[in-house]
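Colleague: I would like to learn how to read surface patches and charged pairs in a model like this one. Could you walk me through some cases?

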Amino acid sequence: MDPFLCAADTALRTLFAQPHAVEASPAEPFAEAALNPAQKRLAGALMRVNHVGEVCAQALYTAQAAVTRDARLRSHLLESAREETDHLAWTQQRLDALGTRPSLLNPLWFAGAFALGLVAAKVSDRVSLGFVVETENQVAEHLQSHLQRLPAEDLASRAVVSRMKDDEERHAAHAHDTGAVALPAPARLMMKMAAKVMTTTAHYV
């Protein structure tokens, strides 16, 4: 039961505690930009979506780590979750700076991602890793689109998103090299559709 007790602890800390980053935010070197109200609303909405992505990442990695019997894979998954905790803290800091809030549906997003992580991990470690590859590749693509949409003046948010994109691509590459199997096309399509629902909803709620 220990892994699932740890998972419950992660859920509580992710959803109800202030996240703390080990590494300083990439936003720190940049002063807050003088954004107009429309720019601030857009930047806040995009960073709220990114914050949801990090909530889901905590759920996904924690679920997979709880199920796998491979000690080395569990250690890797938990290390990835730790890095995602930095992302969670950085996006929360940007939400605070932009004067907006996290998604009100974060408990729902966490539960959904945790369930998907459990299902993938129950099939096999290689499928679990394939799920990581596909998820991280989709997240990196999504972050690239945000770099195109964020106000050019918001250098702080752009620095955070750029660093997160690099980290997600590295996570995907490591999972691939560790033995991930490619997910079938219908599974990838369903993941894209679910992500579209999540990102569209979290933009506003």
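Modeller: Happy to! Keep in mind that this is a predicted model. Let us begin with valine 205, which has a relative accessible area of 32% and is therefore partly exposed. Valine 205 sits in the segment after helix H7 (185–202).

Colleague: Which nonpolar surface patch does Val205 help to make?

Modeller: The general idea is that a residue needs over 30% relative accessible area to join a patch. Val205 makes a nonpolar surface patch together with Leu104 and Tyr204, with an area of about 330 Å².

Colleague: Now the charges. How many salt bridges does a search of the whole structure find?

Modeller: The search gives 11. The general idea is a side-chain nitrogen of Lys or Arg within 4 Å of a carboxyl oxygen of Asp or Glu. One of these pairs is glutamate 83 with arginine 170, whose closest N and O atoms are 3.0 Å apart. This pair links distant parts of the chain, since glutamate 83 belongs to helix H3 (residues 71–97) and arginine 170 to helix H6 (residues 155–178), 87 residues apart.

Colleague: Is each partner of that pair buried or partly exposed?

Modeller: Buried means under 20% relative accessible area. Glutamate 83 is at 16%, so it counts as buried. Arginine 170, at 39%, counts as partly exposed.

Colleague: What about arginine 163 and aspartate 167: where do they lie?

Modeller: Both are in helix H6, four residues apart, which is about one turn of the helix. They form a salt bridge, and the closest N and O atoms are 3.1 Å apart. Arginine 163 has a relative accessible area of 26% and is therefore partly exposed, whereas aspartate 167 is at 6% and counts as buried.

Colleague: Which residue forms a salt bridge with glutamate 169?

Modeller: That is lysine 165, and here the closest N and O atoms are 2.9 Å apart. Because glutamate 169 and lysine 165 are four residues apart in helix H6, about one helical turn separates them. Glutamate 169 counts as partly exposed at 35% relative accessibility, while lysine 165 counts as buried at 15%.

Colleague: And which residues do salt bridges with shared partners join into one network?

Modeller: Glu23, Glu83, Arg163, Asp167 and Arg170 are joined that way. You have already met the Glu83 pair with Arg170 and the Arg163 pair with Asp167, so try finding Glu23 in the view next.

Conventions
Residues are numbered from 1 along each chain as its sequence is written. This is a predicted model: local features need pLDDT of at least 70, side-chain atom pairs count only at pLDDT 80 or more; totals for chains, interfaces and linings use all residues. Side-chain values use heavy atoms; hydrogens and water are left out. Helices (H or I, at least four residues) and strands (E, at least two) are DSSP runs, numbered from the N terminus. Buried means under 20% relative accessible area, exposed over 50%, partly exposed in between (1.4 Å probe, protein chains only). Patches are made of residues with over 30% relative accessible area and no salt bridge: like charges are joined within 9 Å, nonpolar side chains (Val, Leu, Ile, Met, Phe, Trp, Tyr) within 5 Å. Accessible areas come from the Shrake-Rupley method with a 1.4 Å probe; for residues, only the protein chains shown count as cover.
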